[in-house]
Amino acid sequence: MRVLRVGPHALLVELADADRTAAFHAELLRRRAVFGLPPVDEIVPAERTVLLDGVADPRALATELATWRVPPAPERLGPVVTVPVRYDGADLAEVAALWGVAEDAVARIHSATEFRVAFSGFAPGFGYLTGLAERYHVPRRAVPRSAVPAGAVALAGPYTGVYPRSSPGGWQLIGRTEAPLWDAAREPAALFAPGTRVRFVIEEA
Amino acid sequence: MIGGAVTGEPASGGPATVTVVSAGLLTTVQDLGRPGHAHLGVPRSGALDRPAHLLANRLVGNPAGAAALETTVLGCAVRVDRPVTVAVAGAPCAVRVDGQPAAWGAPVRLPAGARLDLGPATRGVRSYLAFAGGVAAAPVLGSRSTDLLSGLGPAPLSAGDRLALGAPAGPPAGADVLPWAAPPARLVLPLVLGPRDDWFTARALDALARSVYHVSTTSNRIGLRLDGPPLERAAEGELPSEGMVLGAVQVPPSGRPVVFLADHPTTGGYPVIGVVPAAALPAAAQAAPGTPVRFTPVRLR
């Protein structure tokens with residue numbers, strides 16, 4: 001673990017891998033819930049880092065973080081969010097070819113996986129979901145699309161994501177959902193938050 | 001006239017409405033933003049020149065969190081349907097009420113039906129127009145701010161838009177002396193190095209400290225984009241996406257630095273060479289395209 005200064009009031013904690021990042025993030029939330037963490041405005045996990053922003057005394061906190069013993073992330077905690085998907089994405093054939101399976105097997109494999117939101121970003125409510133075995137990781141499209149429709153379920157690298165609204169994107173589209181990923185009038189507005197467990201289920205056409 | 005109805009004014013009761021006559025280049029609703037949701041991919045947003053925004057609100061007797069309008073370079077024009085107290089702060093501009101000159105940086109009482117014009121900024125970029133009672137647009141995650149990156153909050157204003165105002169909270173505060181920093185002719189930005197200064201060559205760090213950059217015309221609420229010597233990377237390859245803070249100076253592949261302002265993305269994959277402390281950002285938000293910019297890097301231990 002390495003702790004980097006980010007301006008006068010933030011720290012970036014760099015972890016060795018995604019699992020340790022998840023564990024460290026879970027530990028931060030656990031300690032914050034029991035008032036075991038000085039007040040911070042934002043805790044932002046990412047691929048291999050956690051950003052702590054709005055820290056009154058970053059030097060003291062950096063010293064304290066170095067003494068923490070962080071247990072592995074709790075495996076199965078909290079409810080599972082279920083997302084119905086029609087696996088008919090424009091890149092389904094491409095993904096099937098990359099995986100070396102038949103097209104209908106993509107849906108079977110993807111929906112049999114339990115995902116976890118590793119972190120969010122890109123747009124409000126867009127989660128980077130991990131869980132797919134490494135042999136199913138795929139590259140981004142060589143040429144990004146100028147408009148990916150809202151609800152598109154897509155793959156890139158180790159991640160699965162669902163576009164909360166129409167936007168440009170370079171991920172491989174495998175399906176679509178009508179689940180509202182983001183609804184500002186709902187509490188919470190985001191269906192996916194870091195740590196959320198997710199399962200995709202096949203919705204027949 | 002005391003106790004009687006004023007002829008020609010709408011009946012009292014109910015909130016006043018502001019109609020946008022012209023939105024200039026870009027006019028948005030802004031309050032203090034929606035911090036605390038970065039982990040969901042939600043930018044903080046909010047007024048770019050916060051001291052000016054706070055001042056405009058104070059002048060009309062509003063609490064600090066009231067929503068006001070933020071103009072961009074060309075000002076705006078509005079009409080009110082009831083008597084309303086307003087104040088303009090931030091970038092100086094000509095203020096006119098029904099064509100007659102009115103005060104900048106002071107409460108101005110608009111009669112019912114009056115047209116208020118904020119002219120182009122004579123210096124700086126962003127003027128703030130506060131109404132007693134504040135703009136009562138629907139809040140999203142506790143804020144009425146327009147976020148241009150993610151599209152949260154009210155859309156940027158267009159001619160014909162109507163905005164309801166809230167009930168005035170109290171009498172305007174007034175002020176004898178306005179402590180206000182004029183928009184800078186040249187911008188000097190303190191810079192705390194890191195977290196990714198080690199991704200750049202010694203020559204790039206040297207260039208960053210010595211070069212004069214210029215504010216690019218492509219700057220917006222997301223970032224102050226700078227033209228000048230490109231900053232050369234020591235490390236090739238890709239940085240995994242990581243959390244971004246307000247004031248982060250991100251260096252995209254072009255090598256030309258971008259200072260992140262309120263609508264910045266919450267995560268990003270280009271290395272951040274340093275961070276401009278928040279106190280220096282209001283001046284950055286008022287730096288017009290072409291303004292010379294220098295950085296004064298420091299290293300915190």
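Let me start with Glu14 of chain A and its surroundings in this predicted model. Leaving aside neighbours within four places in sequence, Glu14(A) is in contact with Met1(A), Arg2(A), Leu4(A), Arg48(A), Thr49(A) and Arg196(B). That list takes in one residue of chain B, Arg196(B). Glu14(A) sits in strand E2 of chain A. Its relative accessible area is 18%, and because the cut-off for buried is under 20%, Glu14(A) counts as buried.

What do the side chains of Glu14(A) and Arg196(B) form where they meet? They form a salt bridge, at 2.6 Å from N to O. The two side chains are also listed as a polar contact, again at 2.6 Å. As background, side chains of opposite charge can pair when their charged atoms come close.

That takes us to the interface. How many salt bridges are counted between chain A and chain B? The count is two. Polar contacts across the interface come to eight residue pairs, with both residues at pLDDT 80 or more. On the chain A side, the elements that give two or more residues are strand E1 (2–5), strand E2 (10–14), strand E3 (42–45) and strand E4 (49–53). E3(A) gives the most, four residues. By residue class, the chain A side that touches chain B divides into 20 nonpolar, five polar and 10 charged.

In contact terms, 35 residues of chain A meet 31 residues of chain B. The size of an interface is often given as the accessible area lost when the parts come together. Here chain A and chain B bury about 2,500 Å² between them, and 62% of that is on carbon and sulfur atoms.

Next, the salt bridges in the structure as a whole. The search finds 19 over all chains. I will go through three that lie within a chain.

One is Glu27(A) with Arg31(A), where the closest N and O atoms are 2.8 Å apart. These residues are four apart in helix H1 (residues 18–33) of chain A, so about one helical turn separates them. Glu27(A) and Arg31(A) are both buried.

Another is Asp91(A) with Arg141(A), at 3.1 Å between the closest N and O atoms. Asp91(A) is in the loop between strand E5 (80–85) and helix H3 (92–99) of chain A, and Arg141(A) is in the loop between E7 and strand E8 (145–148), so this pair ties together parts that are 50 residues apart in sequence. Are the two partners buried or partly exposed? Asp91(A) is buried, with a relative accessible area of 4%, whereas Arg141(A) is partly exposed, at 26%.

In chain B, Arg221(B) forms a salt bridge with Asp263(B), with the closest N and O atoms 2.9 Å apart. Arg221(B) is in the loop between E13 and strand E14 (223–227), and Asp263(B) is in the loop between strand E17 (258–260) and strand E18 (267–268), 42 residues apart. Arg221(B) counts as buried at 1% relative accessibility, and Asp263(B) does so at 0%. Coming back to the opening residue, salt bridges that share partners join Arg2(A), Glu14(A), Arg196(B) and Glu242(B) into one network.

On to the aromatics. Over all chains there are 13 aromatic pairs. For Phe126(A) and Trp171(A), the ring centres are 5.2 Å apart and the planes lie at 80 degrees; the cut-off is over 60 degrees, so the pair is edge-to-face. Phe126(A) is in the loop between strand E6 (115–120) and strand E7 (127–130) of chain A, and Trp171(A) is in the loop between strand E11 (167–169) and strand E12 (172–176), so the pair ties together parts 45 residues apart in sequence. Phe126(A) and Trp171(A) are both buried.

Chain B offers Tyr213(B) and Phe295(B), also edge-to-face, at 6.2 Å centre to centre and 65 degrees between the planes. Tyr213(B) is in strand E13 (residues 213–215) and Phe295(B) in strand E20 (residues 292–298), 82 residues apart. Tyr213(B) is buried at 0% relative accessibility, and Phe295(B) is buried at 2%.

Which residues join Phe126(A) and Trp171(A) in one aromatic cluster? They are Phe119(A), Phe122(A), Tyr128(A), Tyr159(A) and Tyr163(A).

Last item, helix H1 (residues 50–59) of chain B. Its buried residues include Ala52(B), His53(B), Leu55(B) and Leu59(B). The buried residues of H1(B) pack against strand E2 (28–30), strand E3 (68–70), strand E5 (84–90) and strand E10 (127–131) of chain B. After H1(B) comes Gly61(B), with a positive phi near 85 degrees.

How values were computed:
Residues are numbered from 1 along each chain as its sequence is written. Chains are lettered from A and ligands numbered from 1 in the order in which they are written. This is a predicted model: local features need pLDDT of at least 70, side-chain atom pairs count only at pLDDT 80 or more; totals for chains, interfaces and linings use all residues. Side-chain values use heavy atoms; hydrogens and water are left out. Contact means heavy atoms within 4.5 Å. Buried area is the accessible area (1.4 Å probe) that two parts lose on being put together, summed over both. A salt bridge is a side-chain nitrogen of Lys or Arg within 4 Å of a carboxyl oxygen of Asp or Glu. A polar contact is a pair of N or O atoms within 3.5 Å; within protein, one must be able to donate a hydrogen and the other to accept it, and residues adjacent in sequence count only if both atoms are side-chain atoms. Ala, Val, Leu, Ile, Met, Phe, Trp, Tyr, Cys and Pro count as nonpolar, Asp, Glu, Lys and Arg as charged, and the others, Gly among them, as polar. Rings of Phe, Tyr and Trp (its six-membered ring) pair if their centres lie within 6.5 Å; planes under 30 degrees apart count as stacked, over 60 as edge-to-face and the rest as tilted. Buried means under 20% relative accessible area, exposed over 50%, partly exposed in between (1.4 Å probe, protein chains only).
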